[in-house]
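Thank you all for making the time this morning. I would like to walk through one model with you, element by element, and I will give the cut-offs as the terms come up.

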Amino acid sequence: MSDQSDQALDPEDRKLLTLARSTRARNGVPEGAAVRDETGRTYVAGSVELASLKLSALRTAVAMAVASGAQSLEAAAVVTEAELIPAADLSAVQDLSGQAVTVLLAGPDGNLRATVSAR
């Protein structure tokens with residue numbers, strides 16, 4: 001995990017953070033996530049908490065990408081109060097991408113906290 005300045009972000013990565021943050025706020029969920037597939041399409045999701053189903057926002061976004069036919073991922077972003085991205089979430093990203101993928105971790109204010117490699 002490494003720290004990274006918001007100013008150094010690629011505009012497409014900044015877009016992922018913005019989408020994740022807005023989904024979290026709009027849906028009133030603990031986490032928001034966005035992923036970008038190999039064609040540049042984005043998939044956005046919030047965490048899911050039902051009596052019989054609990055999914056993190058990142059795993060939900062990965063599932064949406066898979067269900068829509070994505071073959072791999074280029075990048076991902078998570079907006080949460082948590083300090084770390086769970087290993088299971090990073091594994092889901094790596095399972096779809098098949099390679100190291102950058103996952104951005106930001107706080108609820110949208111400020112980038114860390115850049116993590118899902119591998």
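Let me start with Ala45, which lies in strand E2 (residues 42-46); helices here (H or I, at least four residues) and strands (E, at least two) are DSSP runs, numbered from the N terminus. Before going further, I should say that this is a predicted model, in which local features need pLDDT of at least 70 and side-chain atom pairs count only at pLDDT 80 or more, while totals for chains, interfaces and linings use all residues. Residues are numbered from 1 along each chain as its sequence is written, and side-chain values use heavy atoms, with hydrogens and water left out.

Is Ala45 buried or exposed? Ala45 counts as buried, because its relative accessibility is 4%, and by buried I mean under 20% relative accessible area, with exposed being over 50% and partly exposed in between (1.4 Å probe, protein chains only). If we set aside the neighbours within four places in sequence, Ala45 is in contact, meaning heavy atoms within 4.5 Å, with Thr23, Glu31, Gly32, Ala33, Ala57, Thr60, Ala61 and Met64. As for distance, Ala45 and Val101 are 56 residues apart in sequence, and their C-alpha atoms are 18 Å apart in space.

One of those contacts, Thr23, takes us to helix H1. Thr23 is buried, since its relative accessible area is 4%, and, leaving out neighbours within four places in sequence, Thr23 is in contact with Val29, Val44, Ala45 and Gly46. Asp13 is also placed in H1, which covers residues 11-27, and Asp13 counts as buried because its relative accessible area is 15%. Beyond the residues up to four places away in sequence, Asp13 touches Arg36, Ala75 and Leu104. Asn27, again in helix H1, is partly exposed, as its relative accessibility is 45%. The C-alpha atoms of Asn27 and Thr80 are separated by 13 Å, with their positions 53 residues apart along the chain.

Turning to helix H2 (residues 57-67), the buried residues include Ala57, Thr60 and Ala61, and these three are among the contacts of Ala45. Just after H2, Gly69 takes a positive phi of about 95°.

Now to the strands, beginning with E5 (residues 73-79), which is mostly covered, as 6 of its 7 residues are buried. Which way does E5 pair with strand E1 (residues 32-37), parallel or antiparallel? The two pair in the antiparallel sense over 6 bridges, and two strands are said to pair if DSSP finds at least two bridges between them. Within that pairing, Val35 stands opposite Ala76 in E5.

E5 is also joined to strand E6 (residues 101-106), by 5 bridges, and these two run parallel. Here Ala76 stands opposite Val103 in E6, and the bridge partner of Ala77 is Leu104. Together with helix H3 (residues 87-97), E5 and E6 make a right-handed β-α-β unit, where right-handed means that, with the strands pointing away from the viewer, the path from the first strand over the helix to the second runs clockwise.

E6 is largely enclosed by the rest of the structure, because 5 of its 6 residues are buried. Strand E7 (residues 112-118) is likewise largely enclosed, since 5 of its 7 residues are buried. E6 and E7 run antiparallel and are joined by 6 bridges, with Leu105 opposite Ala114 and Ala106 paired with Leu112. The hairpin of E6 and E7 has 5 residues between the strands, and in it Gly110 takes a positive phi near 90°.

Finally, the empty space. How many cavities of 30 Å³ or more does a search of the whole structure find? The search finds 1, where a cavity is a set of points, on a 1 Å grid over the protein atoms alone, where a 1.4 Å probe fits but cannot get out, and lining residues have an atom within 4 Å of a point. The largest cavity holds about 30 Å³ of space, a volume being the space filled by probe spheres set on the points, which are joined across faces, edges and corners. Its lining consists of Glu31, Val78, Thr80, Ala82, Leu84, Ile85, Pro86 and Asp89. Glu31, you may recall, is also one of the contacts of Ala45.

Conventions:
1 Å grid on protein atoms, 1.4 Å probe; cavity = no way out; pocket = protein on both sides within 12 Å on 5 of 7 lines; lining within 4 Å.
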